[in-house]
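Hi,

Here is the structure I promised to pass on. Have a look at it first, and then read my notes below.

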Amino acid sequence: MSRMLPLVFLALAARASAAEPVFPYIIPDEKPDIPLSAAMERAFDRYDAPTTYENELFTRFRYSRLEGLDYHGGDGTLSRRDPSKVVKADGKYYVWYTRRETTVPPRGPGKGTDTEPSTDWDLAEIWYATSEDGFTWKEQGVAVPRPPKPIPGWRSVSTPDVLVWEGKYYLYYQSYLQQSGTRGDDCPVSMSYADSPDGPWTPTNKVIIENGPPGSWDEYSIHDPYPLVRDGKIWIYYKCAMNGLDDRVPVHGLVTADDPAGPFEKCPLNPISNSGHETCYFPFRDGVAGFITTDGNEHNSIQYAPDGINFEPVANVNLTPVAAAPYIPDAFTDTKDGRGFTWGMTHFTGQGSRDARYTILARFDCDLSLDYHDRELKKTRYWFGSDTYFRVSGLSRSARKAKQAEARADLAE
Ligand code: AAL
């Protein structure tokens, strides 16, 4: 090996003196025409720009507490979660969400009764709130109550999202026919419609997006319906947890229709993601971009598909908003020049004490807009402090003991 070294140095020196092209110190905007490593090829080919500062699809997220919404003092009997996209109408912002108000906190999956909820989104209704600044929200009341048994949703209606189509409003939501946790979190999707965002809402009382046939990836659950308008049609992305209850893999699918009531046709390439709890997509340039938040190999990524179907990861992100529900001004304009967005709603689960859990709505801000530039939101580093690491992801006492014993045994060998 030591004999090889001088040869290596000679070769390097010869290379330098022959003035072979080297990668420049200042990263160029265009891919340089020199041999590149796979990583540097990717930096120019896959990403919107080779640095996060210029990558329109990279952002960090800032979070804010909302004002105006009370949670029964945090006793677990009132929860708000899974917000819809934010829509602007009549000089206000509107958001719809799952609202559970029950006499007791959730009892646990499958452990509910007729009046006691199993999960945080069991025995829930869809309510809405409006805001004039995006931070202070006024709850306005129920949009979609639970219909009587046996209509889909009799057990719970949850996780709504909104479509504005030809001047009318449509809410799509999970419609439970049994308590969540009976077998996984099974449910189909139904829809209500209204002439105004303030309602009154007319329920179709029907299943609008059907589960897949037995044995197919979306046999059991259709969650997080998320409508956009594209190519003159209604596109609805949705999530389904596949691969069994123990090794669950949440992935996304797509259905399209000419009419808000369907029939919805499933995309032949479904599932169109391999990861991702919850759905959040938006028109971007002539394609569609989306978040993959928690779960799966590609969690914490932003993805882009020129055709809205074949997505590739185009940014790694951190502290990604869960159940993200942005304010996307061109969500329903059928644009081929999607401009992105700068804020939206999210939720934080796991509030309250161990036996009294609930969820709160919150706001996030970001720079995923072609018309907005905040360099601070293009920086990748976070400072959590060591306490956060030890508290959130500390090694358990028992694992610590086991590791210590392993080390002793290893050293004794
Ligand atoms: C959420 C969503 C759906 C699930 C549950 C309530 O984050 O994915 O709505 O069913 O969790």
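**Around the ligand**

Twelve positions to click on to begin with: the ligand is surrounded by R81, D82, W121, T159, Q174, Y176, D185, H223, D224, K239, H277 and E278. Bear in mind that this is a predicted model, and every distance here was computed from it.

Sorted by class, that shell comes out as six charged, four polar and two nonpolar residues. Two strands stand out as suppliers: strand 8 and strand 11 (223–230) each give at least two residues to the shell around the ligand.

Which side chains have a polar atom a short way from an oxygen atom of the ligand? Here are three to look at:

- T159 has a side-chain N or O atom 2.7 Å from a ligand oxygen.
- D224 places a polar side-chain atom 2.8 Å from an oxygen of the ligand.
- H277 does likewise, with a polar side-chain atom at 3.1 Å from a ligand oxygen.

How much of the ligand does the protein cover? On its own the ligand has 280 Å² of accessible area, and the protein covers 96% of that.

**The sheet**

Strand 8 also belongs to an open sheet of four strands, in the order 7-8-9-10 with antiparallel pairing. The edges are taken by strand 7 (156–165) and strand 10 (202–203); each has a single partner strand, so one side of each has no neighbour in the sheet. As a reminder, strands in a sheet pair through backbone hydrogen bonds, and they can do so parallel or antiparallel.

Strand 8 (residues 168–176) and strand 9 (residues 189–194) run antiparallel and are joined by six bridges. If you want a spot to zoom in on, Y170 has Y193 of strand 9 as its bridge partner. Y193 also stands opposite T202 in strand 10, where two bridges hold the antiparallel pair of strand 9 and strand 10 together.

Is strand 9 mostly buried or exposed? Five of its six residues are buried, so strand 9 is largely enclosed by the rest of the structure.

Shout if you'd like to go through any of this together.

Cheers

How values were computed. Residues numbered from 1 in each chain as written. Predicted model: local features only at pLDDT ≥ 70, side-chain atom pairs only at ≥ 80, totals over all residues. Heavy atoms only, no water. Pairing = 2+ DSSP bridges. Near = heavy atom within 4 Å. Polar contact = N/O pair within 3.5 Å; in protein donor to acceptor, adjacent residues only side chain to side chain. Areas by Shrake-Rupley, 256 points an atom, 1.4 Å probe, with all protein chains shown as cover. Nonpolar A, V, L, I, M, F, W, Y, C, P; charged D, E, K, R; others polar. Buried < 20%, exposed > 50% of the residue type's maximum accessible area, 1.4 Å probe, protein only.
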